[in-house]
Amino acid sequence: MSFFHRLARRFMAFMSGRNGIDQLAFISLMVSLALQLIGSLTGSALLLFLSFALYGWTLFRVFSRKSYKREEENKKFMGWLFQMNTKTRQFLMRLKLRKEYKYFKCPQCGALLRLKRGEGEKDICCPKCQHRFKQKS
């Protein structure tokens, strides 16, 4: 067996039972790399410090044996990321359709509603809370 095969086996034995790299670790690694790059280009010691702190936290997560806690952290992060992705897509769609529709919020519950432009004043019933109100389009 070659040196590299033995090294790979030792590393696999070391990593067994550890968390490893998940989505949160990968993204935090990329963010810390970007912070380090920006910090070195601008000469900001604060950004470099934040970068190294994020590297340390990422290494802690990768080598942690409490994989159930790291899975919970990753689930929360992925839920937040999915929510941000959905909100961004909805915002871009509203931006694209802003000439066809008028967007507004229900005064009762705050739900986002839309009306086709150019139809004058209409009676609206919110589908979420059944509140009735008038809205100009």
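**Entry 1: aromatic rings**

I began with a rule: rings of Phe, Tyr and Trp (its six-membered ring) pair if their centres lie within 6.5 Å, and planes under 30 degrees apart count as stacked, over 60 as edge-to-face and the rest as tilted. By this rule I obtained five aromatic pairs. One of them joins Phe104 and Phe133, which meet edge-to-face with 6.1 Å from centre to centre and 85° between the planes. This pair links distant parts of the chain, since Phe104 belongs to strand β1 (residues 101-105) and Phe133 to strand β4 (residues 132-136), 29 residues apart. Helices (H or I, at least four residues) and strands (E, at least two) are DSSP runs, numbered from the N terminus.

Are these two rings buried or exposed? I used these limits: buried means under 20% relative accessible area, exposed over 50%, and partly exposed in between (1.4 Å probe, protein chains only). Phe104 is buried at 8%, and Phe133 is buried at 12%.

**Entry 2: sources**

I note that this is a predicted model, in which local features need pLDDT of at least 70 and side-chain atom pairs count only at pLDDT 80 or more, while totals for chains, interfaces and linings use all residues. Residues are numbered from 1 along each chain as its sequence is written, and side-chain values use heavy atoms, with hydrogens and water left out.

**Entry 3: Gln135 and Phe77**

I looked up Gln135, also in strand β4, and found this residue buried at 17% relative accessibility. Contact means heavy atoms within 4.5 Å. Leaving aside residues up to four places away in sequence, Gln135 touches Lys102, Phe104, Leu115, Gly120, Glu121, Lys122 and Ile124.

Phe77 lies in helix α4 and is buried at 15%. With the same exclusion of residues up to four places away, Phe77 touches Gln23, Leu24 and Ile27. Phe77 and Gln23 are 54 residues apart in sequence, yet their C-alpha atoms are 8.6 Å apart.

**Entry 4: the nonpolar patch**

Patches are made of residues with over 30% relative accessible area and no salt bridge; like charges are joined within 9 Å, and nonpolar side chains (Val, Leu, Ile, Met, Phe, Trp, Tyr) within 5 Å. I found a nonpolar surface patch with about 930 Å² of accessible area together, its members including Phe26, Leu33 and Trp80. Accessible areas come from the Shrake-Rupley method with a 1.4 Å probe, and for residues only the protein chains shown count as cover. The elements giving two or more residues to the patch are α2 (23-42) and α4 (67-96).

Which element gives the most? It is α2, with six residues. Phe26 is found in α2 and is partly exposed at 46%. Leu33 is found in α2 as well, and is likewise partly exposed at 46%.

**Entry 5: salt bridges**

A salt bridge is a side-chain nitrogen of Lys or Arg within 4 Å of a carboxyl oxygen of Asp or Glu. How many does the structure hold? I recorded six salt bridges.

In one of them, the closest N and O atoms of Arg70 and Glu73 are 3.1 Å apart. Because these two residues are three apart in helix α4, Arg70 and Glu73 are separated by about one helical turn. Arg70 is buried at 6%, whereas Glu73 is partly exposed at 29%. A network of salt bridges links Asp22, Arg61, Arg70 and Glu73.

I also noted the salt bridge of Glu119 with Lys122, where the closest N and O atoms are 3.1 Å apart. Glu119 is partly exposed at 39%, and Lys122 is partly exposed at 34%.
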